[in-house]
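User: Take me through one spot where two helices cross, please, and then walk me outward from there. I'm a first-year, so explain the terms as you go.

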Amino acid sequence: MFVHILLAKHHFNVRHGHAKQRCQKTHHVVGGLAAFGCGGDAHLELGAFGLADGVFAGGGFSQNVDDQDVAIPGEKGVAGGVAGARSGHATDNRPMAPRILLTTLNAKYIHASLGLRYLLANMARHGGDDLRQCTVLREFTLQRPVAQVVDALLAELGPQEDGVQIVGCGVYIWNVVQTTEMVRLLKTLRPRVQVVLGGPEVSYELEAQEIVRLADFVITGWGDVSFPKLCRALVHGPRPLMKVIAGEQAPLDQIALPYAEYSDADLAHRLLYVEASRGCPFKCEFCLSSLDKTAWAFDLDAFLAALQGLYLRGARNFKFVDRTFNLKIDASVRILQFFLDRLPTAAAGQPDAALFVHFEVVPDHLPERLKAMIAQFPPGVLQFEVGIQSFNVEVQQRISRRQDNDKTEANVRWLVAHSHAHLHTDLIFGLPGETLESFADGFDRLHALQPHEIQLGILKRLRGTPIARHSAVHGMVYASSAPYTVLHTGVVDAETLQRFTRFSRYWDLVANSGRFPQTLALLLNGPARPSPFYAFLGFADWLWQTRHATSGLSPEDLVDALFDYLGAQLGVSAQTVQAALLADYVASGARSNPRALQGLLPRREAMLLEGASALVQRQQRHRASSG
Ligand code: SF4
């Protein structure tokens, strides 16, 4: 954030932990700044800078500007508005105000950066009204060429003249490569611009990072307070002496909530990240949140009031980034009650405006009171991210992950049977001492519970995480560049890791997509099959040998591949396979004509789900297949 300041926190938290592992895998993070400092031992220097009381002359502009990498129908062109504001200054002959730009490269347009919005929201409180008035938020996506991003930033800043110009960048594991190039070009074209970095990727192990060398300042850990203070010092002096500043971890009641910074366009078109708490009390060593040592809760009344503000503005799609939503059951129940109370009116007159709420939960803590609340939600509203990571007790102990496997199983089983929550469960392959065989046991154990999705990640060594202590003893070798994925371990060779990577990709396409429930049952559960894991591994190996690709496979390609494999390789009759594939294909709403189903497809049914969003379609497919 500044980077991350904003995000940082959550992001950290959220994205540092299992979430972080997950996010890094799927590149779906939120961008933020909050990540500045979550403590830890990587702060190279302590920042010390005084704040002057000077008054800022000039106005600047205060629009919250979002980059439109994806065209939004009816959205006004913000660039024009900004240009107008700027030229107004020039003609008024007032001093040019300093420009502060908050920016990050999100993985996708729908990922609105919560961290950046925290920074923006706290500019007035911790920097001053004058700074808030000349601060702009401008997000991009990774798909935008770096040169275009820099062009846009410089256009936004306008000529430097005598004013201080500051660009705060949120740096994450998924954008560090492109952000490094962005900063390099920005500093080349305008050396005097002050580049401030923040975010989890630049909160630890700074010494060898090129992006840190290029930047003027780095705020590690939380940035909500430290970024505005740094901006104030840069604008009014005195200039901080230290390049690396340990982010101030202020009490949460001193941090302004960011939710008013979501624009109407954000509400209409993007995921809204929210957090009722930061931090995590657990210590899973692969996770940056393990450094938090505790969790901090925002004032719940204030948080719910902010949620209500978003709701009244039309927000219906909320993604909680709390690392452990079900840690404090009183708070969890109140938050669920908030959404339950709004169910009757949420979609009134607007079928596409139903509530959707995503939470990350720890799997072994589901008291009856929480269950009773969860059970009241209808289909399509709740989505739970359930981090299992490993069922191997030895591995759990080795990485300091406390998890009651029996309770975990019982709770997942209960959620599948008695709630309508959509369950995304997570496993991580490549943990120290985890073999392919022990992972297969855990996969089969989880698969038997029938969660809607099993998300398969590969261990990454996130900067700052204590998992590094196992590297020597357990032969852990990680990629040296982001996302620092494990390449081989003492018990898993490189070829097996590549084999698993393909397994994971194909599992997403065939199982997690929800497109092939009946066919998947034939594949995994037919007579003489090995366990589900090895049955799918056999298919994955065959698919790779015959197609040599893990991307670019259409649903039709998969239909034909499944037909060939089940028939020619497993000896299932063509009639049986075609019946399963036909049912799956029609129910999925796909509309082409795969070779294996030539002459069998009815015409009208293929339109079944047309018009529903991808997310809704995916959940509908899972619900349909689970009866
Ligand atoms: S429970 Fe473990 S993996 Fe999840 S956020 Fe906390 S420390 Fe990270």
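Analyst: Let's begin at the crossing: H19 passes H20 in a right-handed way, meaning that the near helix is turned clockwise from the far one by less than a right angle, while anticlockwise would be left-handed. Before going on, note that this is a predicted model, where local features need pLDDT of at least 70 and side-chain atom pairs count only at pLDDT 80 or more, while totals for chains, interfaces and linings use all residues. Residue numbers start from 1 along each chain as its sequence is written. Helices (H or I, at least four residues) and strands (E, at least two) are DSSP runs, numbered from the N terminus.

H19 covers residues 532–547 and H20 covers residues 555–569; their axes come within 11 Å and cross at roughly 115°. (Axes are lines fitted to C-alpha atoms, for helices over the stretch in contact, and angles run from 0 to 180 degrees between N-to-C directions.) That angle makes H19 roughly perpendicular to H20; the label covers 65 to 115 degrees, with under 35 being roughly parallel, over 145 roughly antiparallel and the rest oblique.

Who touches whom? From H19 come Phe 539, Trp 542, Leu 543 and Arg 547, and they meet Ala 561, Tyr 565 and Gln 569 of H20. Being in contact means having C-beta atoms, placed from the backbone, within 7 Å. By class, the meeting place has five nonpolar residues, one polar and one charged. (Nonpolar takes in Ala, Val, Leu, Ile, Met, Phe, Trp, Tyr, Cys and Pro; charged is Asp, Glu, Lys and Arg; polar is the others, Gly among them.)

Now step back to the whole chain. The protein chain has 22 helices and 16 strands. Of its 627 residues, 48% are buried, where buried means 20 or more other C-beta atoms within 10 Å of a residue's own, exposed means 12 or fewer, and partly exposed is in between. Take the contacts between residues at least 6 apart in sequence: 80% of these join residues at least 24 apart.

Next, a sheet. Six strands line up as E7-E10-E11-E12-E13-E14 in an open sheet with parallel pairing; a pair needs at least two DSSP bridges between the strands. At the edges sit E7 (272–274) and E14 (453–458), each pairing on one side only. From one strand to the next, the twist averages 25°. E12 and E13 (residues 422–429) run parallel and are joined by six bridges, and Glu 385 has His 424 in E13 as its bridge partner. Helices pack on this sheet too. H15 (residues 405–418) touches E12 and E13, and its direction makes about 150° with that of E13. H17 (residues 494–512) touches E13 and E14, and its direction is at about 155° to that of E14.

E12, residues 382–389, also contains Gln 389, a non-glycine residue with a positive phi, near 70°. Most residues other than glycine have a negative phi, and most peptide bonds are trans. Gln 389 counts as buried because it has 28 C-beta neighbours inside 10 Å. Lys 293 has a positive phi near 70° as well, but sits in the loop between E8 (277–279) and E9 (295–297). With 13 other C-beta atoms within 10 Å, Lys 293 is partly exposed.

E9 itself holds Trp 296, which is partly exposed because it has 13 C-beta neighbours inside 10 Å. Trp 296 and Gly 279 are 17 residues apart along the chain, yet their C-alpha atoms are separated by 6.1 Å. Apart from neighbours within four places in sequence, Trp 296 is in contact with Leu 252, Ser 277, Arg 278 and Gly 279.

Now for E5 (residues 217–220), which is covered on both faces: Phe 217 and Ile 219 on one side, and Val 218 and Thr 220 on the other, are all buried. E5 pairs in the parallel sense with E4 (residues 194–198) over three bridges, with Gly 198 opposite Ile 219. Three bridges also join E5 to E6, again running parallel, and there Val 218 stands opposite Val 244.

Last, two cis peptide bonds. From Gly 237 to Pro 238 the bond is cis, with omega near -5°, and Pro 238 is in the loop between H9 (226–236) and E6 (244–246). The bond from Ala 482 to Pro 483 is cis too, with omega near 10°; Pro 483 lies in the loop between E15 (477–478) and E16 (486–488).

Notes:
Two residues are in contact if their C-beta atoms, placed from the backbone, lie within 7 Å.
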